[in-house]
Amino acid sequence: MNEGAYVQEIFGIPFNISNDLPGLLAAIIVFFTMFWLSRKIQLKPTGRQNVLEWIIDFTNGIIKSTMPNKEGSQFGLLIFTLFSFIFVSNQLGLMLQVNVNNTAYIKSPTADAMTTMTLAFMVLLFAHFLGVKKFGFRGYIKNTYLSPIPFLLPISILEEFTNFLTLALRLYGNIYSGEVLLKLIYEFGRSFGLASFIPAIPLEIIWQGFSVFIGSIQAYVFVTLTMVYISQKIEKE
Amino acid sequence: MGTDFILGAVATSVKWGDMLFYLVLFIVLIALLKHFAWGPVNEMMDKRANKIANDIDSAEDARQKAEDLAEKRQSALKESHVEASQIIERAKKNGEQQKNIIVENAHSEAQSFKETAKQDIARERQDALEGVKNDVAELSLEIASKVISKNLQLDDQKALIDSYIEGLGKQNEVK
């Protein structure tokens, strides 16, 4: 569990390669899947195009549930990319774990708090940016921190931090704990030879299936909350 | 990992390069997906939505047009019915008129034929009578001259004879 991380400094910036590599892999998988699905686009959709359009309809549905008006449609691409990237990231570690000399090279990128915090930081910054853009800086302050009642200002400010932490740590916690338990079951299967290996197989399968479910739910929750935070910033309360 | 990341307590061991890496990675992923998958598919979905809307509109149009056409045809049919009955009516009237004219013509022609025939007969009879009158006059004269052996002047006696013959004629007609 406590594998060492392979850290490389490039221009004095510390890069955790055992976190970056799976992220790159997930991005590549997402890109090539979508690329493959979007070949031969026709007016009358067939086969792969139907799958892609179903995914797009699904993510657009998430947007519509929080922002039913026309304004929401501009976030379609962001939510689509965010959902597919997090979904693939969550499932990646369930299927593929590569450890070399106790150093992880392939796992779920979202099982690292750095990744989920980056994503959460990015979408929340984007939400604040949209708020400022729409209402101006004064309007943004008023809308976000001073309404409905000004004396809740400290709580409003605190809420922004908790939003960030909960959004990031919820995803991280779910996926990380899933992987920890997967490894625990793996260790258990190894420890007593055949006597523990055989019962470990169905346990591992069941936990993997459950983790697939959790990973999907968490991807959905993450993008739904992203939309909620964005709509809070750009809609007058 | 463990406690490293919590509020940056141990700032130096935070691998903040990852943040840059994921930021760049995500933005690049968005750009690529937009160009290769999202853009074309969304465009096609919009196009499809437009096409469906257009198709619905044009179907409505076509239905309206067909309805108009049917109505027009119906009225034309009605009109042609009326016209046909008018034509038949007129033809009947014309026929009647023609018939009347022909019959009238025939009548008048027959009448005139009869008239001329009558006149002819009358004249012929008159001529015949005249001829007979003359003959009778001459004959009576001859007979009389022979009977009384006296040379009677034809012109002097003619009036007498004429009246006599007239009386004969009248006697005949009475008979």
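Let's start with A:Gln218. It is buried, with a relative accessible area of 9%. Keep in mind that this is a predicted model. So where does A:Gln218 sit in chain A? It lies in helix 6, which covers residues 194–234. And which residues does A:Gln218 touch, once those up to four places away in sequence are set aside? There are A:Asn90 and A:Arg170, and also A:Leu171 and A:Asn174.

Next, A:Thr66. This residue belongs to helix 2 of chain A. Is A:Thr66 buried or exposed? Its relative accessible area is 19%. The cut-off for buried is under 20%, so A:Thr66 counts as buried. Leave out the neighbours within four places in sequence, and A:Thr66 is in contact with A:Met227, A:Val228 and A:Ser231.

Now the partner, chain B. Chain B has 175 residues, and 12% of them count as buried. For secondary structure, chain B has 2 helices and 0 strands. The accessible surface of chain B is about 14,300 Å². Carbon and sulfur atoms account for 59% of that surface.

On to the interface. How many residues of each chain take part in the contact? On chain A there are 45, and on chain B there are 30. The size of an interface is often given as the accessible area lost when the parts come together. Here, the area buried between chain A and chain B is about 3,600 Å². Carbon and sulfur atoms give 82% of it. Three residues to look at on the chain A side are A:Leu43, A:Leu77 and A:Met114. They supply 19% of the area that chain A buries against chain B, more than any other three residues.

What about charged and polar pairs? The rule finds 1 salt bridge across the interface of chain A and chain B. It joins the side chains of B:Arg48 and A:Glu53, at 2.8 Å from N to O. The count of residue pairs in polar contact across this interface is 3, with both residues at pLDDT 80 or more.

Which elements build the side of chain A that touches chain B? Strand 2 (13–16) and helix 1 (17–37) each supply at least two residues. So do helix 2 (47–66), helix 3 (76–95), helix 4 (113–145) and helix 5 (153–191). Helix 1 of chain A gives the largest share, 9 residues. By type, the residues on this side of chain A are 29 nonpolar, 11 polar and 5 charged.

Note on methods. Residues numbered from 1 in each chain as written. Chains lettered and ligands numbered in written order. Predicted model: local features only at pLDDT ≥ 70, side-chain atom pairs only at ≥ 80, totals over all residues. Heavy atoms only, no water. Contact = heavy atoms within 4.5 Å. Buried area = accessible area lost by both parts, 1.4 Å probe. Salt bridge = Lys/Arg side-chain N within 4 Å of Asp/Glu carboxyl O. Polar contact = N/O pair within 3.5 Å; in protein donor to acceptor, adjacent residues only side chain to side chain. Helix = DSSP H or I, 4+ residues; strand = E, 2+ residues; numbered from the N terminus. Nonpolar A, V, L, I, M, F, W, Y, C, P; charged D, E, K, R; others polar. Buried < 20%, exposed > 50% of the residue type's maximum accessible area, 1.4 Å probe, protein only. Areas by Shrake-Rupley, 256 points an atom, 1.4 Å probe, with all protein chains shown as cover.
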